[in-house]
Amino acid sequence: MSDTISVTIRVWRQDGPDTPGRFETHPQQITTDASFLEMLDLLNEQLNDRGEEPIVFESDCREGICGTCGVMINGRAHGPQRATATCQLHMREFADGDEIVIEPFRAAGFPIIRDLAIDRSPLDHIIESGGYISVGSGAAPDANLTPVPREAAERAFDAAACIGCGACVAACPNSAAQLFTSAKVGHMALLPQGQPERWSRTEAMVEVMESYFGPCTNHGECHEACPKEISLDFIAYLNRDYVKAKVKNRALSGQR
Amino acid sequence: MEPTPASQPNSMVLDSQVPDGPIADLWENHKFSMNLVNPSNKRKFEVIVVGTGLAGASAAATLGELGYRVKAFTFHDSPRRAHSIAAQGGINAAKNYPNDGDSVHRLFYDTVKGGDYRSREANVHRLAEVSVNIIDQATAQGVPFARDYGGLLDNRSFGGAQVSRTFYARGQTGQQLLLGAYSALMRQVAAGTVELHNRSELLDVVLKDGRACGIVTRDLLSGEVTPHSAHAVVLATGGYGNVYFLSTNAMMCNVTAAWRAHRRGALFANPCYTQIHPTCIPASDDFQSKLTLMSESLRNDGRIWVPSTADESRQAGDIPEAERDYYLERKYPAFGNLVPRDVASRNAKTVVDAGHGVGPLRNGVYLDFAAAIERDGQDAIAARYGNLFDMYQRITGENPYSSPMRIYPASHYTMGGLWVDYHLMTNVPGMYAIGEANFSDHGANRLGASALMQGLADGYFVLPYTIGDDLAGLLGDSVVPTDDPVFTSVVTGIEDETSRWLSTNGSRSVDHFHRELGRMVWDNIGMARNEQGLRQALSDIPALREEFHRDVRVLGSADTLNQSLEKAGRVADFFDLAELMARDALEREESCGGHFREEHQTTEGEAQRDDDNFSHVAAWEWNGPDTPQTRHVEELTFDNVALSQRSYK
Ligand SMILES: Cc1cc2nc3c(=O)[nH]c(=O)nc-3n(C[C@H](O)[C@H](O)[C@H](O)COP(=O)(O)OP(=O)(O)OC[C@H]3O[C@@H](n4cnc5c(N)ncnc54)[C@H](O)[C@@H]3O)c2cc1C
Ligand code: SF4
Ligand code: FES
């Protein structure tokens with residue numbers, strides 16, 4: 001059932017990376033069927049009508065799959081609903097009279113661009129350092145040549161479901177990117193196709209990750225914030241593989 | 001024959017460059033006859049790829065691997081976010097793993113038929129051939145496709161196909177395929193063969209002596225306008241479904257790259273061929289920003305119905321079986337709920353227009369799982385569709401296990417796009433279009449799970465061959481320097497356009513005009529079109545466009561992230577496109593696939609083609625801002641598939 005509620009929006013405004021930011025307060029009336037971002041669309045429409053610049057926030061798919069959206073809502077990355085990206089959050093999660101504080105994801109690795117928009121390119125650099133299986137176009141054998149146990153494929157998928165939103169980093173007191181990195185490493189390490197580069201990949205990705213982000217001290221906040229509920233187990237696998245990668249004699253790793 | 005340079009209007013020859021020979025050997029033989037660039041010479045060529053969705057990322061990665069020097073551009077903050085990421089259902093390939101009678105020929109046949117005989121046979125055959133390589137490639141990259149208990153790849157039947165040829169990765173096939181292509185791309189970025197430009201929007205293409213020689217982009221963060229030159233330009237910039245404002249496309253999808261290429265001479269083909277997907281969640285209020293697709297696979301188990309009496313006020317559960325109209329099962333006993341998209345969509349419109357719509361705004365039909373849950377149990381249904389059911393509940397607040405879903409058609413995919421020949425080159429030499437951006441192999445209607453196939457076929461396995469044939473002839477030519485007047489004049493033009501938006505100082509937002517435009521396009525150039533509505537659109541759209549240019553309000557400045565400014569240019573292009581869509585739809589006096597002209601239907605209300613007069617591609621040539629485009633045709637011949645009236649009874 002749709003209702004109209006009145007809420008107070010306190011939203012972070014910042015003109016550029018190096019300018020100081022501030023909170024702005026706007027009362028807002030909205031139907032509970034609206035999505036959270038539609039509520040912001042409407043607010044932007046009103047700001048524009050009044051001659052004030054709209055709030056910059058990013059989104060694209062609005063289906064929880066592209067990872068473009070993502071803001072802190074009342075101190076929580078992606079807001080109050082479990083396993084839900086910002087774009088999938090609806091106003092029925094809020095009550096009449098609520099104050100809603102909206103801020104950008106904050107982390108040293110994610111500089112603020114403007115208002116709620118941030119720069120997450122370090123996540124791309126982690127992938128660039130090894131988050132792939134090296135196979136040139138046309139070089140692949142028949143897809144059914146290598147059976148993959150169904151359980152392994154499913155587990156790999158659980159990791160591959162990461163949308164690269166960066167909420168894990170924003171939620172972490174240390175701004176660590178372990179959950180994101182472990183999801184990619186885990187996805188590939190669980191599949192036979194990922195084995196040849198397993199050790200070099202793990203080592204390279206961890207080292208690039210550490211150059212941008214803080215250390216993991218096992219708080220687990222990342223998992224709580226993750227819209228895809230990526231399991232903390234993957235961080236354990238990552239740590240295990242990283243240690244192994246350091247001692248592994250790769251020349252012998254073709255042996256079973 | 002050489003394609004005619006775009007600068008000579010009225011002498012246009014639309015040569016598809018399809019080689020002669022038996023269709024099954026065409027591509028194999030042609031690969032042998034094309035010119036090659038030898039490995040050490042490839043690095044002497046620079047190629048620009050715009051767009052890093054499935055088509056662009058796969059092309060850029062493959063060209064980089066081959067040794068070309070590639071510059072890849074995307075307006076997203078990362079290549080991983082392209083609209084391709086949202087594809088749910090799956091990807092077709094003629095692997096015939098289930099041994100149920102599939103073959104390259106059958107996939108070819110189904111695609112030509114599904115497209116209502118408005119596609120080019122040779123292209124479609126090639127697509128079916130390379131489809132099998134895509135699955136191999138993706139699997140080797142680590143794409144976690146669904147597997148059976150023996151560990152082999154699983155298939156399902158999708159969108160009306162009578163064989164199981166769809167590979168899938170839960171409900172996230174596009175995501176997994178894009179992440180595969182993205183990882184291949186990032187590998188080349190690391191190797192230094194691809195230079196990646198994120199948050200860079202193409203605002204124009206540049207030609208010299210009739211040949212594409214580069215592009216001009218705007219950095220979305222700094223506002224800087226920069227020229228880039230290359231030996232060839234590949235546009236992989238996606239479809240234009242957002243012309244309807246409400247659509248299942250991602251918010252940033254737009255026609256700007258293709259449209260600006262069109263304005264520089266590239267023909268725009270079949271703009272009226274748009275696909276309206278039958279299973280989307282209906283809009284719930286006036287400021288709805290986009291519509292969410294519920295995967296078509298739901299039609300395998302869900303039954304579609306509306307109350308038999310108009311203006312029904314009871315809840316779904318209170319309406320007895322005898323008072324429900326399972327209209328697809330009734331009208332199409334052979335295919336039932338699995339009829340092709342266009343048929344399913346049009347039928348939903350018919351029942352809703354007749355007052356049988358359901359939901360608070362009476363703008364939907366039911367998709368009911370009660371029978372499937374009773375037959376297979378809730379756990380089985382949850383295993384198949386759990387994530388989709390969750391998504392539905394999150395958006396609507398309703399539980400689809402206990403009450404039926406509400407669905408309604410929405411703009412989803414665009415078959416029209418830049419005209420390309422067999423080499424995927426537009427009529428402008430050196431300019432290519434791949435993926436959803438070209439006018440595609442899907443004719444007048446795309447089958448489910450075939451867009452991912454086409455994008456990746458183009459990018460991994462077709463363009464990397466065909467581009468070499470053209471580049472081989474340019475060996476030794478250097479690129480046009482970016483201080484050449486052909487570039488500097490375009491840069492100035494873009495800077496002027498930007499200041500025009502910022503100084504218009506009107507009263508309404510860009511979104512306001514986009515929403516209004518979308519409504520006009522949906523009402524008149526949507527699921528069903530007629531002459532009166534199209535003429536209406538042709539007078540309303542220019543009037544609204546004039547108001548838009550006079551009264552739009554774009555605040556802020558050009559030297560910072562300014563989303564209204566970005567959107568202003570995109571919406572301006574949608575206005576021009578919308579007008580062309582209406583003209584194209586008006587001139588095509590037949591119904592075919594997604595283009596349904598109410599004047600042209602059988603006595604049973606089915607689409608009626610006119611093969612004698614319209615078995616052709618309509619490709620439009622730009623003649624300047626104040627002169628209507630010229631319509632050119634490419635005749636389509638069908639030597640391998642017999643034309644028949646589609647029947648899904
Ligand atoms: C909800 C949904 C579900 C779908 N499900 C399926 C399915 O199950 N199976 C299937 O086969 N198909 C499906 N499709 C269709 C399919 O996803 C698309 O047709 C396909 O992904 C398009 O890929 P593309 O690479 O051509 O374009 P896109 O993925 O749209 O990529 C376009 C790229 O171009 C860039 N770009 C665009 N303009 C510019 C510019 N001016 N400057 C710089 N960069 C630019 C963008 O940044 C992006 O990188 C679905 C579509 C939708 C909407
Ligand atoms: S691990 Fe989760 S929170 Fe982190 S980037 Fe991936 S999806 Fe987002
Ligand atoms: S906008 Fe794509 S995940 Fe939210």
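In this predicted model, B:D376 is partly exposed, with a relative accessible area of 30%. The side chain of B:D376 forms a salt bridge with that of B:R384, at 3.2 Å from N to O. B:R384 is likewise partly exposed, at 40% relative accessibility.

**Salt bridges**

Over all chains, the whole structure contains 67 salt bridges. Three of these pairs are set out below.

| Pair | N to O distance |
|---|---|
| B:D376 and B:R384 | 3.2 Å |
| B:D368 and B:R324 | 3.5 Å |
| A:R201 and A:E197 | 3.9 Å |

The pair B:D368 and B:R324 connects distant parts of the chain. B:D368 belongs to strand β14 (residues 365–368) of chain B and B:R324 to strand β13 (residues 324–325) of chain B, with these positions 44 residues apart in sequence. B:D368 is buried at a relative accessible area of 10%, and B:R324 is buried at 15%. In chain A, the arginine of the pair with A:E197 is buried too: A:R201 has a relative accessible area of 2%. Salt bridges also join B:D116, B:R118, B:R588, B:E590, B:R609 and B:D611 into a network.

**A buried arginine without a salt bridge**

B:R529 lies in the loop between α14 (510–524) and α15 (531–551) of chain B. This residue is buried but takes part in no salt bridge. The nearest side chain of opposite charge is that of B:D584, 6.9 Å away; a salt bridge is counted only within 4 Å, so this pair does not qualify. The side chain of B:R529 has polar partners nonetheless: the backbone oxygen of B:G526 at 2.8 Å, and the side chain of B:H595 at 3.0 Å. Leaving aside residues up to four places away in sequence, B:R529 touches residues including B:Y244, B:C272, B:T274, B:N524 and B:L534. The run B:G594, B:H595, B:F596, B:R597, B:E598 and B:E599 is also among its contacts.

**Backbone and local positions**

Most residues other than glycine have a negative phi. A:N218, which is not a glycine, has a positive phi of about 60°. This residue is located in the loop between α6 (198–212) and α7 (221–225) of chain A and is exposed, with a relative accessible area of 64%. B:R199 also has a positive phi, near 50°. B:R199 sits in the loop between β5 (194–197) and β6 (200–208) of chain B, and is buried at 8% relative accessibility.

Elsewhere in chain A, A:N239 is part of helix α8 (residues 233–247) and is partly exposed at 39% relative accessibility. A:N239 and A:Q178 are separated by 61 residues in sequence, while their C-alpha atoms are 9.3 Å apart in space.

**Ligand surroundings**

Ligand 1 is surrounded by 36 residues, of which the closest are B:H76, B:S84, B:L202, B:E436 and B:L452. An oxygen atom of the ligand is 2.6 Å from an N or O atom in the side chain of B:E436. Backbone polar atoms also approach oxygen of ligand 1, that of B:A451 at 2.9 Å and that of B:G53 at 3.4 Å.

Around ligand 2, the shell includes the cysteines A:C162, A:C165, A:C168 and A:C226, together with residues such as A:I163, A:L179, A:F180, A:P227 and A:I230. Within this shell, two or more residues each come from α4 (167–171) and α5 (178–189) of chain A. The composition is 10 nonpolar, 2 polar and no charged residues.

Technical notes. Residues numbered from 1 in each chain as written. Chains lettered and ligands numbered in written order. Predicted model: local features only at pLDDT ≥ 70, side-chain atom pairs only at ≥ 80, totals over all residues. Heavy atoms only, no water. Helix = DSSP H or I, 4+ residues; strand = E, 2+ residues; numbered from the N terminus. Buried < 20%, exposed > 50% of the residue type's maximum accessible area, 1.4 Å probe, protein only. Lys, Arg positive; Asp, Glu negative; His and termini not counted. Polar contact = N/O pair within 3.5 Å; in protein donor to acceptor, adjacent residues only side chain to side chain. Contact = heavy atoms within 4.5 Å. Near = heavy atom within 4 Å. Nonpolar A, V, L, I, M, F, W, Y, C, P; charged D, E, K, R; others polar.
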